[in-house]
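This report goes through a single protein chain, starting from one residue and working outward to the sheet and to the confidence of the model.

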Amino acid sequence: MLRLLLIAAVVMLAVGLVSADAAHAVWSGLVIAENVPQPAAIPPELTKFEQTLKDLFGYNQFEVIGQSNKTLKTGEEDWLASSKYFSLQCDARGENDAGYSLNLKLYKEKDVLLETDANLSKSSPLVIKGPQVGNGQLLLVLVVKEDELATHRRRRAQPANPITAGWNHLRRAIHRILP
């Protein structure tokens with residue numbers, strides 16, 4: 001009986017220590033940046049780094065003209081963000097310690113305007129200055145966000161302290177076995 005309890009304790013501690021892999025969602029946007037007398041509110045996808053965009057590029061308005069949300073499970077998915085005239089093809093080449101290796105192709109209709117390899121960091125957005133469009137500038141913006149569903153599952157499945165969780169599992173198992 002004691003041996004069975006010891007095996008159960010080891011298994012429960014091991015289960016508590018195993019973490020679920022976090023899927024990451026990548027938001028990709030084609031953004032027109034321009035200066036206008038009365039700028040519209042910044043799109044919600046860009047609010048976290050609004051001031052940085054304004055400081056770096058000198059524009060006061062940012063409009064998302066095309067976008068895509070893709071959840072990366074293997075780190076090797078492909079996706080496309082497109083607008084009426086432009087499209088951004090993203091080919092993920094795998095995950096690394098800092099983020100994801102990508103091959104990016106920007107198209108204007110069927111013509112390739114830009115092809116580059118880039119690293120998309122998990123901790124900060126990737127912003128690439130594209131061509132002039134009218135009085136503004138096309139920006140390619142990619143942001144890694146932790147997938148909310150995976151985060152929710154992980155938070156429920158993995159408590160903050162796996163040793164405490166294992167101990168609690170063991171204690172409940174003992175209480176069920178012993179009267």
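Leu138 lies in strand β8, which covers residues 136–146. The coordinates come from a predicted model. With a relative accessible area of 0%, Leu138 is buried. Its contacts outside the neighbours within four places in sequence are Leu30, Val31, Ile32, Ile65, Phe86, Leu106, Ile128, Lys129, Gly130, Pro131 and Val133. One of these, Ile128, is 10 residues from Leu138 in sequence, and the two C-alpha atoms are 8.6 Å apart.

**Two further buried positions**

Val26 belongs to strand β1, residues 24–34. Its relative accessible area is 0%, so Val26 counts as buried. Beyond four places in sequence, Val26 is in contact with Ser68, Asn69, Lys70, Leu72, Trp79, Leu120, Leu142, Val143 and Val144. Trp79 is 53 residues away from Val26 along the chain, with 9.8 Å between the C-alpha atoms.

Ser68 is part of strand β2, residues 61–72. Ser68 is buried as well, at a relative accessible area of 11%, which is under the 20% limit for that class. Residues up to four places away aside, Ser68 touches Val26, Trp27, Ser28, Trp79, Leu80 and Ala81. Trp79 therefore appears in the contact lists of both Val26 and Ser68, where contact means heavy atoms within 4.5 Å.

**Chain layout**

The chain holds 4 helices and 8 strands. Read from the N terminus, the order of elements is α-β-α-β-β-β-β-β-β-β-α-α. Of its 179 residues, 39% are buried. Among contacts with a separation of 6 or more, 51% are between residues 24 or more positions apart.

**The open sheet**

Which strands make up the open sheet, and in what order? There are 4 of them, arranged β3-β4-β5-β6 with antiparallel pairing. The edges are β3 (78–82) and β6 (111–121); each has a single partner strand, so one side of each has no neighbour in the sheet. Neighbouring strands are turned against each other by 20 degrees on average, with direction ignored. In general, strands of a sheet pair through backbone hydrogen bonds.

β4 (residues 86–95) and β5 (residues 99–108) are antiparallel partners over 9 bridges, and a hairpin of 3 residues joins them. On its other pairing, β5 runs antiparallel to β6 over 10 bridges. The hairpin of β5 and β6 has 2 residues between the strands, and in it Glu109 takes a positive phi near 55 degrees. Of the 10 residues of β5, 7 are buried, so this strand is largely enclosed by the rest of the structure.

Three bridge partners in these pairings are listed below.

| Residue | Bridge partner | Strand of the partner |
|---|---|---|
| Ala92 | Leu102 | β5 |
| Glu95 | Tyr100 | β5 |
| Leu104 | Thr116 | β6 |

Tyr100, the bridge partner of Glu95, also takes part in a side-chain arrangement. The charged end of Lys122 sits over the ring of Tyr100, at 5.7 Å from the ring centre. The count of aromatic pairs, by contrast, comes to 0.

**Confidence**

How far does confidence vary along the chain? The average pLDDT is 79, and 72% of the residues score at least 70. Among the elements, strand β7 (residues 126–133) has the highest mean, 94, while helix α1 (residues 2–17) has the lowest, 40. Over residues 1–20 the pLDDT is below 50, and this stretch has 18 contacts in the model beyond near neighbours in sequence. A second such stretch is residues 149–160, where pLDDT stays under 50 and the model has 8 contacts beyond four places in sequence. Where pLDDT is low, the predicted coordinates should not be read in detail.

Terms used:
Residues numbered from 1 in each chain as written. Predicted model: local features only at pLDDT ≥ 70, side-chain atom pairs only at ≥ 80, totals over all residues. Heavy atoms only, no water. pLDDT = per-residue confidence, 0-100. Pairing = 2+ DSSP bridges. Axes fitted to C-alpha atoms, helices over the stretch in contact; angles between N-to-C directions. Phe/Tyr/Trp six-rings, centres within 6.5 Å; stacked < 30°, edge-to-face > 60°. Lys NZ or Arg CZ within 6 Å of the ring centre and 35° of its normal. Buried < 20%, exposed > 50% of the residue type's maximum accessible area, 1.4 Å probe, protein only.
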